[in-house]
Amino acid sequence: HLSIVIKQLVENAIKFSSKGDPIIIKGSLKNENYNFEIIDSGIGFSEGAINQIGPFVQFNREINQQSGNGLGLAIVNLILKTYNSNLQINSKKGIGTNVSFSIKTAN
């Protein structure tokens, strides 16, 4: 499940960034959680767009030439909820997006 989540988030970062823009993937252990962070400097989302993220929702498809069916983040959210986690999205239109989540480590 973790590989599906990371793959979807990295693919989105690539899709919404310009060729050659850096995409940063971070991981860190804190207490009993492993924290993941994917940061891009792509087109970003407005706050209103972040609130509209859901199945089959795509933004500015005619401008951004997106491929796919709009299910990536919906699938990520469902998987993370299974593990009592949530996707956090911080974004500024025209600046980039930072998505993060935490998973409890196995003891």
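Me: Ala, Val, Leu, Ile, Met, Phe, Trp, Tyr, Cys and Pro count as nonpolar, Asp, Glu, Lys and Arg as charged, and the others, Gly among them, as polar. With these classes, what makes up the lining of the largest cavity in this predicted model?

Reply: The lining has nine nonpolar, four polar and one charged residues. Of the 14 residues that line this cavity, the closest to its centre are Asn-12, Asp-40, Phe-45, Thr-97 and Val-99; by the class definition Phe and Val count as nonpolar, Asp as charged, and Asn and Thr therefore as polar.

Me: Which helix and strands each supply at least two residues of that lining?

Reply: Helix H1 (2-15), strand E2 (33-40) and strand E4 (96-104) do so. The cavity has a volume of about 150 Å³, and a search of the whole structure finds one cavity of 30 Å³ or more.

Me: Why is Glu-37 called partly exposed?

Reply: Buried requires under 20% relative accessible area and exposed over 50%; Glu-37, at 24%, lies between these cut-offs and therefore counts as partly exposed. Its place is in strand E2.

Me: What makes the pair of Glu-37 and Asn-98 a polar contact?

Reply: The side chains of the two residues are 2.7 Å apart at this contact, and since the cut-off for a pair of N or O atoms is 3.5 Å, the distance falls within it. Asn-98 is also one of the residues that Glu-37 touches, along with Ile-24, Ile-25, Lys-26, Val-99 and Ser-100, when residues up to four places away in sequence are not counted. The C-alpha atoms of Glu-37 and Ser-100 are separated by 4.3 Å, although these residues are 63 apart along the chain.

Me: How do you know that E3 and E4 count as paired strands, and which way do they run?

Reply: Pairing needs at least two bridges, and five join E3 to E4, so the criterion is met; the two strands run antiparallel. Ser-91 stands opposite Thr-97 in E4, and the hairpin has three residues between its strands, with Gly-94 in the turn at a positive phi of about 85 degrees.

Me: Which side chains of strand E3 are buried, and which are not?

Reply: Ile-89 and Ser-91 point to one face and are buried, whereas Gln-88, Asn-90 and Lys-92 point to the other and are not. This is the alternation between the two faces of the sheet that a regular strand shows.

Me: What covers the buried residues of H4?

Reply: The cover includes H1, E3 and E4. The buried residues of this helix (72-82) are Gly-72, Leu-73, Ala-74, Val-76, Ile-79 and Leu-80; just after the helix, Asn-84 takes a positive phi of about 55 degrees.

Note on methods. Residues numbered from 1 in each chain as written. Predicted model: local features only at pLDDT ≥ 70, side-chain atom pairs only at ≥ 80, totals over all residues. Heavy atoms only, no water. 1 Å grid on protein atoms, 1.4 Å probe; cavity = no way out; pocket = protein on both sides within 12 Å on 5 of 7 lines; lining within 4 Å. Points joined across faces, edges and corners; volume = space filled by probe spheres on them. Helix = DSSP H or I, 4+ residues; strand = E, 2+ residues; numbered from the N terminus. Buried < 20%, exposed > 50% of the residue type's maximum accessible area, 1.4 Å probe, protein only. Contact = heavy atoms within 4.5 Å. Polar contact = N/O pair within 3.5 Å; in protein donor to acceptor, adjacent residues only side chain to side chain.
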